[in-house]
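Work through these exercises with the sequence and the model side by side. Try each task before reading its solution.

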Amino acid sequence: MSNATATHSLLPLSNALAALVRDAGRSIIGVHSPRSRASGWFWRPQLIVTASDAIADEGPIHVTLPGGDRVEATLKGRDASTDIALLRVDRTDVAPAAVSDDAPSRRAR
């Protein structure tokens, strides 16, 4: 297979991956707590999923939205056994991540 053929056959995959990253980036945010910094993602409107161990027990929690705005967030719940925390922000202009229920298909080997 020539380099031109290999490049041409990888172009659709490259474009699909670039689109996935672009779309996911619209829902990814930064989480800032007195304890640490983490990332999270909009799961549902106004609800963010992040790591529980990144959230301090006391003090303010802020998130940096995809457009750069920094807003206050409220801890709605956490589960230490799975290290998941749920935050709420009073912003409706950030779309939740598109999550598929489809299981990845396995190619026959």
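The exercises below go from the whole chain to single residues.

This is a predicted model, in which local features need pLDDT of at least 70, side-chain atom pairs count only at pLDDT 80 or more, and totals for chains, interfaces and linings use all residues. Residues are numbered from 1 along each chain as its sequence is written, and side-chain values use heavy atoms, with hydrogens and water left out.

**Exercise 1. The whole chain**

Task: Describe the secondary structure and the burial of the chain.

Solution.
- Step 1. List the elements. The chain has one helix and six strands. Helices (H or I, at least four residues) and strands (E, at least two) are DSSP runs, numbered from the N terminus.
- Step 2. Put them in order. Along the sequence the pattern reads α-β-β-β-β-β-β.
- Step 3. Check burial. Of the 109 residues, 24% are buried. Buried means under 20% relative accessible area, exposed over 50%, and partly exposed in between (1.4 Å probe, protein chains only).
- Step 4. Look at the surface. The chain exposes about 7,900 Å², and carbon and sulfur atoms supply 54% of that area. These areas come from the Shrake-Rupley method with a 1.4 Å probe.
- Step 5. Look at contact range. Contact means heavy atoms within 4.5 Å. Among contacts between residues at least 6 apart in sequence, 48% join residues at least 24 apart.

**Exercise 2. The sheet**

Task: Work out in which order the six strands run in the barrel, and how they pair.

Solution.
- Step 1. Trace the order. The six strands form a closed barrel, 1-2-3-6-5-4, with antiparallel pairing. Two strands pair if DSSP finds at least two bridges between them.
- Step 2. Note the turn between strands. Neighbouring strands of this sheet are turned by 40° against each other on average, direction ignored. Axes here are lines fitted to C-alpha atoms, for helices over the stretch in contact, and angles run from 0 to 180 degrees between N-to-C directions.
- Step 3. Follow strand 2 (residues 37-44) into strand 3. They pair in the antiparallel sense over four bridges. Arg44 has Leu47 in strand 3 as its bridge partner.
- Step 4. Move on to strand 6. Strand 3 pairs with strand 6 over five bridges, again antiparallel. Here Ala51 stands opposite Ile84.
- Step 5. Add strand 5. Strand 5 (residues 70-79) and strand 6 (residues 84-88) are antiparallel partners over five bridges. Arg78 faces Ala85 in this pair.

**Exercise 3. Thr50 and the core**

Task: Is Thr50 buried or exposed, and which residues have the most contacts inside the largest nonpolar core?

Solution.
- Step 1. Place Thr50. It lies in strand 3 (residues 47-51). Four of the five residues of this strand are buried.
- Step 2. Decide. Thr50 is buried, because its relative accessibility is 5%.
- Step 3. Find its polar partner. The Thr50 side chain reaches the backbone oxygen of Ser39 at 2.7 Å.
- Step 4. Go to the core. The largest nonpolar core has 14 residues, and Val63 and Leu87 have the most contacts inside it. Such a core is a set of buried Ala, Val, Leu, Ile, Met, Phe, Trp, Tyr and Cys residues joined through side-chain atoms within 4.5 Å.
- Step 5. Name the suppliers. Strand 1 (28-32), strand 4 (61-64), strand 5 and strand 6 each give at least two residues to this core.
- Step 6. Inspect Val63. Beyond four places in sequence, its contacts include Ile29, Val31, Ile48, Val71 and Leu87.

**Exercise 4. Two loop residues**

Task: Compare the settings of Gln46 and Asp53.

Solution.
- Step 1. Start with Gln46. It sits in the loop between strand 2 and strand 3. That hairpin has two residues between the strands, and Gln46 takes a positive phi near 70°.
- Step 2. Judge its cover. Gln46 is buried because its relative accessibility is 15%.
- Step 3. Find its side-chain partner. A polar contact of 3.3 Å joins the side chains of Gln46 and Arg88. A polar contact is a pair of N or O atoms within 3.5 Å; within protein, one must be able to donate a hydrogen and the other to accept it, and residues adjacent in sequence count only if both atoms are side-chain atoms.
- Step 4. Turn to Asp53. It lies in the loop between strand 3 and strand 4. Its relative accessible area is 48%, so Asp53 is partly exposed.
- Step 5. Find what it meets. Beyond four places in sequence, Asp53 contacts Arg35, Ser36 and Asp83. The C-alpha atoms of Asp53 and Asp83 are 6.3 Å apart, with their positions 30 residues apart along the chain.
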